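Trainee: I have a new model to learn. Can we go through it by asking what backs each label?
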Amino acid sequence: MTTAFDPVDLSGTRLPNRIVMAPMTRSRAHGPGQAPTAATAAYYAQRASAGLIVTEGVQPSPVGQGYPDTPGLHSAAQVAAWRSVTDAVHAAGGRIFAQLMHTGRIGHPSLLPDGLVPVGPSPVAAAGKVYTAAGPKEFVTPRELTEDDIARTLEDHVVAARNAVAAGFDGVELHGANGYLAHQFLAPNSNRRTDAWGGSPERRARFAVEMVAAVAGAIGAERTGLRISPGNPLGDIAEPEPEAAYLALLRGLEPVGPAYLHLAETADRALTLELRKRFGGVFILNARTEGRFSGPQELALIEDGTADMLSYGALFLANPDLPRRLRAGGPYNTPDRATYYGGDERGYTDYPALAD
Ligand SMILES: Cc1cc2nc3c(=O)[nH]c(=O)nc-3n(C[C@H](O)[C@H](O)[C@H](O)COP(=O)(O)O)c2cc1C
């Protein structure tokens, strides 16, 4: 029987276990330039015993930034700063993918430089509020992307993916989940387009397919993963019947063959099993857990074949040596929500590992 502590092959790279550190925004790229810091390198290096680390969401372009103090991968200084992070993780024996996260309509002009405004597939504002330096503000109506803008946005992802490789990352995870740009294209309430990028499930899936294909073409499919969250209402997304668009997405990805699909499970398990059956690469599951975060209960999902790998968010944030603790049956440090976003080393690099 396969367990979470057995190795797995990710497109030719041997991962020593099946525990993934899930992508988590920490908003600690303080100062001008939106670059990771020495503390970022220490934080990820502490977690190098993961089979695979996926970084916090990283904006591929200035307009893709939706939150304060998130890092980017679009400037030379950012590439150099990320190099210190990947070197630290590799020196500690780990592997690390950068999550490219373009937040689309989720954001605010006050977070963006040079008079930029958030963009989206259609001029439809998300209901709800965004956190800015000046407190919570209503989401704005995004500027509708033209055909040319879409081509440029895809190119921004390609450049950022090349930058990731130049910075020493083992690959990139493209964010197609949680209400951000690619998800805004997938969902019918945020994508009202009637051109080649909207309307049918296939056309709504096209942006995500082309994003994965373009990045895989540039850095290799073996270094390219995709995260999705069918049915997730975050960011005012409504996908009453997600199957059609996501099955269209998987059909579009078949000739591309990305290394992995990372499912943030929101809909029912039946859809999870359907997606797993239809995806040829490694299937990473962030299991749906009502009212608690993922924990040791989920380990059985490897044993019963539901997934090839499991990702852990909150518990990995608070337990730098999580694979060891899961194997030992605990104990676990408790995540402190007050230090999730922003701040200093507290709640970042000071969670203790188990004593030897
Ligand atoms: C502090 C924090 C930040 C997060 N930021 C991101 C992010 O940048 N990108 C992303 O895809 N998911 C993000 N998530 C979602 C996690 O990847 C994960 O799906 C979620 O925490 C549920 O898994 P868990 O129960 O193991 O915590 C974040 C979660 C937390 C707790």
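Mentor: We start with the whole chain, then turn to one pair of helices. Keep in mind that this model is predicted.

Trainee: What makes the protein chain as compact as a globular protein of that length?

Mentor: First, the make-up: the chain has ten helices and 14 strands. Its radius of gyration is 19 Å, and the globule rule gives 21 Å for 356 residues. Those values are close, so the chain counts as compact as a globular protein of its length. The C-alpha trace spans about 60 × 45 × 40 Å along its principal axes.

Trainee: Which residues does the domain annotation cover?

Mentor: Residues 5–329, according to an unreviewed UniProt entry. The entry names the domain "NADH:flavin oxidoreductase/NADH oxidase N-terminal". That stretch is 33% helix and 18% strand. Its end C-alpha atoms lie 13 Å apart.

Trainee: Now the helices. Why is H5 called oblique to H6?

Mentor: H5 is residues 201–219, and H6 is residues 243–253. They pack at about 40°, with axes 8 Å apart. Angles under 35 degrees count as roughly parallel, and 65 to 115 as roughly perpendicular. The angle fits neither range, so H5 is oblique to H6. The crossing is right-handed.

Trainee: Which residues make the contact?

Mentor: From H5, they include Pro-201, Ala-205, Ala-208 and Val-212. From H6, they include Ala-244, Ala-248 and Leu-253.

Trainee: How many residues of each class are in the contact of H5 with H6?

Mentor: Ten are nonpolar, one is polar and two are charged. Glu-202 and Arg-204 of H5 take part, and Glu and Arg count as charged. Gly-252 of H6 is there too, and Gly counts as polar.

Note on methods
Residues numbered from 1 in each chain as written. Predicted model: local features only at pLDDT ≥ 70, side-chain atom pairs only at ≥ 80, totals over all residues. UniProt positions renumbered as here; feature names shortened; annotations may be inferred. Helix = DSSP H or I, 4+ residues; strand = E, 2+ residues; numbered from the N terminus. Axes fitted to C-alpha atoms, helices over the stretch in contact; angles between N-to-C directions. Parallel < 35°, antiparallel > 145°, perpendicular 65-115°, else oblique. Left-handed = near helix turned anticlockwise from the far one by under 90°. Contact = placed C-beta atoms within 7 Å. Rg over C-alpha atoms; globule rule 2.2 N^0.38 Å.
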